[in-house]
Amino acid sequence: MGLSKAKGHAPRVRVLTLNAWGLWLVSKKRVERMAALADYLASAHHLDVVLLQEMWVGEDVEAVVAGARAGGLTHAMHYRSGVFGAGLVTISRWPITDGGFHLYSAAGDALAVHCGDWLAAKGFGWARLATPSGPVDVYNTHTHANYSHETVDHCHDSPIARGGSGGAGPPGRAAAVGPRTTRATQRHHSAAATNGASAVAAGGARSEPDSGGVCEFRAPADRFAAYRVSQMWELASGVASRGGAIGIILGGDLNSKPDSLEIALLRTLNPGLRDAWEATHGSSEDEAGYTCRAPGCSFKSTRQVPERIDYVWSSLTPVSAAVALQRVSRGGGGGGGSAPSERSNDNDGDDDGDPSGPPPLSYSDHFAVVAELELPGGAGAPTAAAAVAGGSLGSAAAAAGGSTTHHAKSPRRGFFGSPATPAAESPAAGAAGAARARALRAAADILDAGVARSRGQRAASMRASAVALVIALTCLLTLASLLADPHGRGGRGPQALLCSGSGSGGGGGAGLAGVRASVCSRGGDTGGGSTGGGSTGGVPPALAAVGYLLLGAGTVAFSGACVMVGLSGVLADGSQAHALGGSAARVRLALGQGAPAHGLWCGRD
């Protein structure tokens, strides 16, 4: 098994990418779906590379890797990071001779626990494969999720229409002539905007009849936009910084639509990469290519919208691309032992099938994408043996033809060094250079806004921590003074309340008799036997005393917890502001503008 080679054609590699939705206790029917995926890979002898995201449970990783090994995909790399792990797994038919993991410096909002992106510590993993044609670098990633899908159209007066060189306007704004910036959600995109997406993704622009200008991309306007833009910058820069391979394959869940700023960044910083779907279908976005909340998927998340956000990008020549793994075979046992063809498109949007049989089940809440890419051939291509000899991970097992599973256990930021700046340091005179400059300016503005937001959150966390600390100290001092002077505060101290029930005036119950005897025997006359001084309005004085103590202690504990959470937020927000500021500085430097005024590029915060 190995490279497929059509008659008269160069060798080809088939790549599949899937967000497997493997969250523990959260993902529906996870165990059944993972078993079906393992069964599918066990019979997927036609695949050469598999890229999986959201593989959070170790048992699932082991089962899927074992299934893939039965299908001839005998080499795997599991990237681990953060609290739950990065969730990335790369599986290959060929030996993995080198690899590593880059942790995105801007992970997300630490206090947005319900989202979980910060806890996941996302990044991108890379693996160098020793293919028979030569070494190929494979990148696997999952960027920050988009929860609101709000965008801003970036429109400008077309330099092509003017016949000029295309100078750009102010950062993040349209040119002075014919600008139109609109805010909309992806749920309500107009048909005209959707039809124009292919022109945008192909490096062109989308016409705006109302403004007379063109719109090149949609900039994200959601709460987490800065994190996703920063991650895409690091991904694009990391891919551009590594050489020595005959080809690059990048796949994963980018959480960005084809006409988004994030994809524009990836495209402009890596002009040699092509979107396999767009290259083979002639359109960047249509319903047939939807991978998230697509028609026919058995899982419908209310916070997702129908869109194409899963990709296979490559410097190799795309031959074909298709949506894959829509439905699990009903032939028993989850996967049923007979994997469906990944080219079968059950995207009709209904739950067809035998009503008397089991309900339809998708492999995930995402559809997979499978792409066939053409590798360079010929006698001049490096041999697999040479590629293995130069490797550093598992080279001995690879040379022997055995199976290997690597674990990237120590991810670190800056694995690839400083993100590389593209060869063109300043905008070119042509339209492509102007478009690149506009994308970088928009990215820098979003990152600067993210810095300001993180700093605002840090300031709010500091204020909340100060208030909680004052409350905690006040309650602690009050509680200490009451315990030290139980007769103070007009006979309302806890000992006064407790002992006031030792005579005829207090209820309290027999269970507290021993406590009363012990406490009241040491405090002298505390009003015991009095029916007036210790009255608590019908509440047994003993219970009021215990409640008094518990309330004080609980308030102190709760306030202390708030202080700890607030201080954690201060540290996390400061760290994220620093990371976003670093990305903004790199973007500004790529534009030739120097470091931004906030100085985070120099390590100051």
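Trainee: Let's start with K122: is this residue buried or exposed?

Mentor: Bear in mind that we're looking at a predicted model. The relative accessibility of K122 is 5%. The cut-off for calling a residue buried is under 20%, so K122 counts as buried.

Trainee: Which residue forms a salt bridge with K122?

Mentor: Look for an acidic partner with a carboxyl oxygen within 4 Å of the lysine nitrogen. Here the closest N and O atoms are 2.7 Å apart. The partner is buried too, because its relative accessible area is 3%. That residue is D117.

Trainee: How many salt bridges does a search of the whole structure find?

Mentor: D117 with K122 is one pair, and R12 with E372 is another. Searching the whole structure gives a total of 15.

Trainee: How many residues apart are R12 and E372?

Mentor: Their closest N and O atoms are 3.9 Å apart. Along the chain, though, this pair links distant parts: R12 sits in strand 1, while E372 belongs to strand 16, residues 368-374. The separation is 360 residues.

Trainee: Why do R12 and E372 count as buried?

Mentor: Check each one against the cut-off of under 20%. R12 has a relative accessible area of 11%, so R12 is buried. E372 is buried as well, because its relative accessible area is 12%.

Trainee: Which residues are linked with R218 in a network of salt bridges?

Mentor: Begin with the R218 and D259 pair, whose closest N and O atoms are 2.9 Å apart. R218 is in strand 11, and D259 is in the loop between strand 12 and helix 8, 41 residues away. Both of them are buried. The full network joins R218 to D153 and D259.

Trainee: Is L25 buried or exposed?

Mentor: L25 lies in the loop between strand 1 and helix 1. Together with W24 and V26, L25 makes a nonpolar surface patch of about 400 Å². Its relative accessible area is 67%, and the cut-off is over 50%, so L25 is exposed.

Trainee: Which are the edge strands of the six-stranded sheet?

Mentor: This open sheet has mixed pairing, and its order is 5-6-7-12-14-13. Go to the two ends of that order, where a strand pairs on one side only. You land on strand 5 (96-103) and strand 13 (274-275).

Trainee: And what is the bridge partner of L250?

Mentor: Strands 12 and 14 run antiparallel, joined by five bridges. Look across to strand 14, and L250's partner there is W313.

Definitions and conventions:
Residues are numbered from 1 along each chain as its sequence is written. This is a predicted model: local features need pLDDT of at least 70, side-chain atom pairs count only at pLDDT 80 or more; totals for chains, interfaces and linings use all residues. Side-chain values use heavy atoms; hydrogens and water are left out. Two strands pair if DSSP finds at least two bridges between them. Helices (H or I, at least four residues) and strands (E, at least two) are DSSP runs, numbered from the N terminus. Patches are made of residues with over 30% relative accessible area and no salt bridge: like charges are joined within 9 Å, nonpolar side chains (Val, Leu, Ile, Met, Phe, Trp, Tyr) within 5 Å. Accessible areas come from the Shrake-Rupley method with a 1.4 Å probe; for residues, only the protein chains shown count as cover. A salt bridge is a side-chain nitrogen of Lys or Arg within 4 Å of a carboxyl oxygen of Asp or Glu. Buried means under 20% relative accessible area, exposed over 50%, partly exposed in between (1.4 Å probe, protein chains only).
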